[in-house]
Amino acid sequence: MRQVDHFIVGDSPAPTRKHSIWNPSTGEVQAEVALGDAALLDKAVATAKEVQPAWASTNPQKRARVMFKFKELIEANMQSLAELLSSEHGKVVDDAKGDVQRGLEVIEYACGIPQILKGEYTQGAGPGIDVYSTRQPLGIGAGITPFNFPAMIPMWMFGMACAAGNAFILKPSERDPSVPMRLAELFVEAGAPEGLLQVLHGDKEMVDAIIDHPDIAAISFVGSSDIAQYIYSRGTANAKRVQAFGGAKNHGIVMPDADLDQVVNDLTGAAFGSAGERCMALPVVVPVGEDTANRLREKLIPAINALRVGVSNDPDAHYGPVVTPEHKARVEQWITTAEEEGSEIVIDGRGFTLQGHENGFFVGPTLIDGVTETMKSYQEEIFGPVLQIVRAKDFEDAVRLPSEHQYGNGVAIFTRNGHAAREFASRVQVGMVGVNVPIPVPVSYHSFGGWKRSGFGDIDQYGTEGLAFWTKNKKITQRWPDGGGDGSNAFIIPTMG
Ligand code: NAD
């Protein structure tokens, strides 16, 4: 069976523990990944400490050349990366290409590191005094990433961190670790020094070792909220810089004047694409007013029934299986909970099997109406191909629902009314807002991050915020008095006492 080892300098130690990697389309175990421990982390950190100073003092233009080459290599390997990703995650190959592409865009941003790392300068801040500031790397950064974007999220992190002059230790999801490994190989092929980016696999044991390691300066985490909060609390208690992004339950508000055909088209992609396993999916639709709700429901039913579920390399499939058998059971249990709570299962995806792939982890598309805000199935993240309809009385109700929800990652409003859209965008308590855009993931030169239980910490991912996260700001105030005209240096360094 294929074995996935750590990506470190030198040989990986023989693993004492391993984790199975599924092929979600067939339901078979296709590989095993080694799970590392604190001793392995110590070794990797020692390597990173050796490599990082020389990389940090490599001029930014040379570092940028590595990023440019890395970008070219990713583009050249796009198809094989997407196929590998799709086979372990279960998302269809086109979606997997999107996963790689959105990470690649952050690498493109990082290619501009000489420009974006330029500091600030004030000449004559006082008599003969100039002040300048410069951003310096932190040293060693770590990233802990979820299963659902195994290419994009690692690249968000190590792309920015390494371009800024840091060494990086990546702990990807143990469920689909092969693409992060491939990216690390390509990074070295692009010219990154060996040991600058290391990939260590593991579970809680490795994560705890990272949080407690005294030589790791900063941690970026993306995953579920309870673990995000745990990592944020323990990491900051250890005096590290931490950003920790958590779960989501994004709402799509549909105003009475919205173009419903467009909304239905957007929702089928945003709620069911990637089997709903996206933190920026739209699993809750909030039509405003009963008439809007009824008209929308009528259009949604045939569109959802027309969705094609298939194996991840089926080019005609809208979406593939979910990631593991446990996750399939969990999503189906949420549908049952929703039913028990009194909502109406309009289209039921439980018990779905795909002919010829009866052991795959498929969940059929599900539509649930009559969902209310007191229901557990509304309050919690389902992370599957399930769309819930929550009917809002009026516009105020539509602003309040996402604002009061525990998660605040993304939200979208569909309307033709500019005033309503503007009011909504300014008042809603959510970090990323789409206006007639169902999945408002900001482009790479803006920054990404949710609010409330979707994001712990103050600094967002990538863009200018990502650069701020992976660097520290040094402020220098300088004075160069003249030598008094006689060639001697009249300036005497002041001493204490
Ligand atoms: P997860 O929280 O189970 O795992 C994330 C990472 O944490 C993995 O690397 C995993 O090995 C590690 N981990 C798991 N259990 C741990 C524990 N007890 N202690 C320490 N570390 C542990 O998340 P997942 O299932 O891989 O990913 C899906 C979740 O990620 C969803 O909640 C989704 O909304 C969220 N997500 C959020 C964003 C965002 O930007 N806010 C983006 C993508 C995914």
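**Exercise 1.** In this predicted model, determine which elements, α8 or β9, supply residues of the shell around the ligand.

*Solution.* Begin with the helix: α8 spans 204–212 and supplies at least two residues of the shell. Turn next to the strand: β9, at 218–222, likewise supplies at least two. Both elements therefore belong in the answer, and the wider setting follows from the domains: domain 1 (2–246 + 454–476) and domain 2 (251–435) both give residues to the shell, so the ligand lies between them.

**Exercise 2.** State how many residues surround the ligand and how the shell divides by residue character.

*Solution.* The count is 29 residues, and the closest are K171, E174, S224, G246 and E381. By character, the shell holds 14 nonpolar, ten polar and five charged residues.

**Exercise 3.** Identify the atoms of T145, G223 and S224 that lie beside oxygen atoms of the ligand, with their distances.

*Solution.* For T145, a backbone N or O atom lies 2.8 Å from a ligand oxygen. For G223, a backbone N or O atom is again involved, at 3.2 Å from an oxygen atom of the ligand. For S224, a polar side-chain atom lies 2.5 Å from a ligand oxygen. As to cover, the protein hides 89% of the 840 Å² of accessible area that the ligand has on its own.

**Exercise 4.** Locate the pocket in which the ligand sits.

*Solution.* The ligand occupies the largest pocket.

Definitions and conventions:
Residues numbered from 1 in each chain as written. Predicted model: local features only at pLDDT ≥ 70, side-chain atom pairs only at ≥ 80, totals over all residues. Heavy atoms only, no water. Near = heavy atom within 4 Å. Polar contact = N/O pair within 3.5 Å; in protein donor to acceptor, adjacent residues only side chain to side chain. Areas by Shrake-Rupley, 256 points an atom, 1.4 Å probe, with all protein chains shown as cover. 1 Å grid on protein atoms, 1.4 Å probe; cavity = no way out; pocket = protein on both sides within 12 Å on 5 of 7 lines; lining within 4 Å. Sits in = over half its atoms within 2 Å of the grid points. Helix = DSSP H or I, 4+ residues; strand = E, 2+ residues; numbered from the N terminus. Nonpolar A, V, L, I, M, F, W, Y, C, P; charged D, E, K, R; others polar. Domains from an automatic or database assignment.
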